[in-house]
Amino acid sequence: MENQLAKSTEERTFQYQDSLPSLPVPSLEESLKKYLESVKPFANEEEYKKTEEIVTKFKNGIGGKLQQKLLERAKGKRNWLEEWWLNAAYLDVRTPSQLNVNFAGPSAHFEHYWPPEEGAQLDRGSIILWHNLNYWQLLRKEKMPVHKVGGIPLDMNQFRMLFSTCKVPGVTRDSIMNYFRTESEGHSPSHVAVLCRGRVFVFDALHEGCLITPPELLRHLTYIHEKCQREPPGPGVAALTTEERTLWAKAREYLISLDPENLGSLERIQSSLFVYSMEDSSAHVTPEDYSQILAMVLTGDPTVRWGDKSYNLISFSNGIFGCNCDHAPYDAMVMVNVAHYVDERILETEGRWKGSEKVQDIPLPEELVFTVDEKILNDIKQAKAQFLQEASDLQVVAPAFTSFGKRLTKKHSLHPDTFIQLALQLAYYRLHGRPGCCYETAMTRYFYHGRTETMRSCTVEAVRWCQSMQDPSASLFEQQQQMLEAFAKHNKMMNECSAGKGFDRHLLGLSLLAKEEGLPVLELFMDPLFSRSGGGGNFILSTSLIGYLRIQGVVVPMVHSGYGFFYHIRDDRDQAPRGRLDTKKTLKHAECRLKRGINMKTTKYKSISQEGRLESQH
């Protein structure tokens, strides 16, 4: 990161956007071939034969016609999927999104200069705010380095959606409001919203064109904290953002009808750089166990999170921090990048402010006071109740595995991410006695406004290896060969997905095109094997590699009976005996997570969108 920042003056953050290639439309024949391969682990011979017939009929009939229409659509759009994906995966979904769609994670500073310490919330908060504001300024000046893989620039559009961005509920479809502008594009909002004890405050992060300093930020935070401690709590309007989307949209309309000033307050929250959440509670966390902090950033006090906001920076009373972010406008690799930047700055400065302690005479934070009535207060009460009820069905377990890390797997020429994915497949197979349909995130940022693709990691080869590992008569050599075949297949599929040759988004596009044409749901998508293999957002295992840094995060599973498995892979800490890969230890660890894993219902077509395997960046 430091080296990239040093070179950042040579190129602008968004300078390659116009030259990125368009998202390609995959070959229909290839996509259907890959789809048939993906359903094999979940079908008997008769079921597979029937699905094969359905696929052939689709290819030779309506599928071919839809493919031609899709190719025509792609001629007029640099990303034929972008609008469809945003609507189908996020904006049309009516289930509560704060718990079911948002992603969350802890800040890693507790591992070095900021261990849990009661009373450190405000002082540390001023410093972490300042580093986040510096990131915002670098982005406005387009001085954040362009992400590249092998010298090839990746799409950076999602970074525009980090600051001053908010989802707004609609009765049938939500919308995204984005107020961010680079310096060359013009004015951009510069205020921060602070939520504390059900109340909302705002202050400007700039004074006379310059960022206010940590001592000045500390003055603002202290003012808000002391005012909220000595006065009654506010109504907690933010809790409404946890509600079912149509109910929230109607409550919002009613709130605006009560007083036009309410609309002004909502718009100031929407356009704020981000929301800074001040929790009264403390969060337990150690480098060996992230469980409680992950649960708290995902399911904490709903009156101090604006669930529709692109970025809620959360502070706890013991000086621990985290975030909760709406998934619709961007994928979690953006937040991983921000979190890593801030963590590096805190390391460099030993967690302290080393500049001037002078505090300028600047205006105190302004409180946004909502006009509410009994109906709104009752809506808030119901929203909190349903959120806490849903949250109670969620279990988060996040221990650290320290026997070895990526260095040892790479020494044996095994991709660290594929290693984890296969361990996960074997763990599920051992627990349940059958294959588990699995979603892993692949990134498509080589293309204009590319986001993600589904990588189905429960392959025929992976299942064959799992079976050999459970077969007492299988030799070690046979098991090793089966494992290497599974590795090769997984790596090949991941590369194809990143190159725009996945098939799940392609099939989604064809199904949405059929819907637009007024056709009934096609037989291909009604086939039991479609959903049994994970299609339509029915993956039992939803998984994602968060990266190779200290940064960790979480999203709830796709289905109520499923598991969410989100992991970061770091260098070896407590290394296993030299030259030895203790697969059993990894598998036991994966089984432990699965047995006690995250269990929660979430939305159809939902993406667990992390960056995938861009290890070369790190």
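**Salt bridges, helices and strands in the predicted model**

R199 is buried, with a relative accessibility of 7%. This value lies under the 20% cut-off, so R199 falls in the buried class. The value comes from a predicted model, as does every other value in this passage.

R199 takes part in a salt bridge with E367. The closest N and O atoms of this pair are 2.8 Å apart. R199 belongs to strand β7 (residues 199-204) and E367 to strand β13 (residues 366-368), so the salt bridge ties together parts that are 168 residues apart in sequence. The acidic partner, E367, is partly exposed, with a relative accessible area of 24%. Salt bridges can also share partners. One network formed in this way joins E37, K40, E461 and K489.

How many salt bridges does a search of the whole structure find? The search finds 37. Among them is the pair E496 and K34, whose closest N and O atoms are 3.5 Å apart. This pair links distant parts of the chain. E496 sits in helix α17 (residues 476-498), K34 sits in helix α2 (residues 28-39), and 462 residues separate the two.

A further salt bridge joins the side chains of E47 and R532, at 3.1 Å from N to O. E47 is in helix α3 (residues 45-60) and R532 is in helix α20 (residues 528-532), so parts of the chain 485 residues apart in sequence are tied together. Are these two residues buried or partly exposed? E47 is partly exposed, at 27% relative accessibility. R532 is partly exposed too, with a relative accessible area of 34%.

Helix α2, which holds K34, can be checked for its length. At 1.5 Å a residue, its twelve residues should span 16 Å. The C-alpha atoms at its ends are 17 Å apart, which agrees with the expected span. Several residues of α2 are buried: L28, S31, L32, K34, Y35, L36, S38 and V39. K34, the salt-bridge partner of E496, is thus one of the buried residues of this helix. An α-helix has 3.6 residues a turn, so residues three or four places apart point the same way. At the start of α2, a side-chain oxygen of S27 comes to within 3.3 Å of the backbone nitrogen of E29.

Helix α7 (residues 121-140) contains H131. Is H131 buried or exposed? Its relative accessible area is 5%, so H131 is buried. Leaving out residues up to four places away in sequence, H131 touches Y341, V342, R345, I346 and T349.

T165 is placed in strand β4. At 0% relative accessibility, T165 counts as buried. Which backbone atoms does the side chain of T165 reach? One is the backbone oxygen of M161, at 3.1 Å. Another is the backbone oxygen of F163, at 3.0 Å. Beyond its neighbours within four places in sequence, T165 is in contact with R160, I176, M177, N178, Q270, S272, K309, S310 and P329.

The loop between β4 (165-168) and β5 (175-178) holds V171. V171 is partly exposed, with a relative accessible area of 37%. Its C-alpha atom is 6.8 Å from that of K250, although the two residues are 79 residues apart along the chain. V171 touches K250, and also R94, T246, A249 and E253, when residues up to four places away in sequence are not counted.

In a regular strand the side chains alternate between the two faces of the sheet. Strand β11 (residues 312-315) is covered on both faces. N312 and I314 are on one side, L313 and S315 are on the other, and all are buried. Strand β10 (residues 275-278) pairs with β11 in the parallel sense, over four bridges. N312 of β11 is the bridge partner of V275.

Confidence in the model varies along the chain. The average pLDDT of the protein is 91, and 91% of the residues score at least 70. Over residues 574-618, however, the pLDDT is below 50. In the model this stretch has 170 contacts beyond near neighbours in sequence. Where pLDDT is low, the predicted coordinates should not be read in detail.

Technical notes:
Residues are numbered from 1 along each chain as its sequence is written. This is a predicted model: local features need pLDDT of at least 70, side-chain atom pairs count only at pLDDT 80 or more; totals for chains, interfaces and linings use all residues. Side-chain values use heavy atoms; hydrogens and water are left out. A salt bridge is a side-chain nitrogen of Lys or Arg within 4 Å of a carboxyl oxygen of Asp or Glu. Buried means under 20% relative accessible area, exposed over 50%, partly exposed in between (1.4 Å probe, protein chains only). Contact means heavy atoms within 4.5 Å. pLDDT is the predictor's confidence in each residue, from 0 to 100. The expected span of a helix is 1.5 Å times one less than its number of residues. A polar contact is a pair of N or O atoms within 3.5 Å; within protein, one must be able to donate a hydrogen and the other to accept it, and residues adjacent in sequence count only if both atoms are side-chain atoms. Two strands pair if DSSP finds at least two bridges between them.
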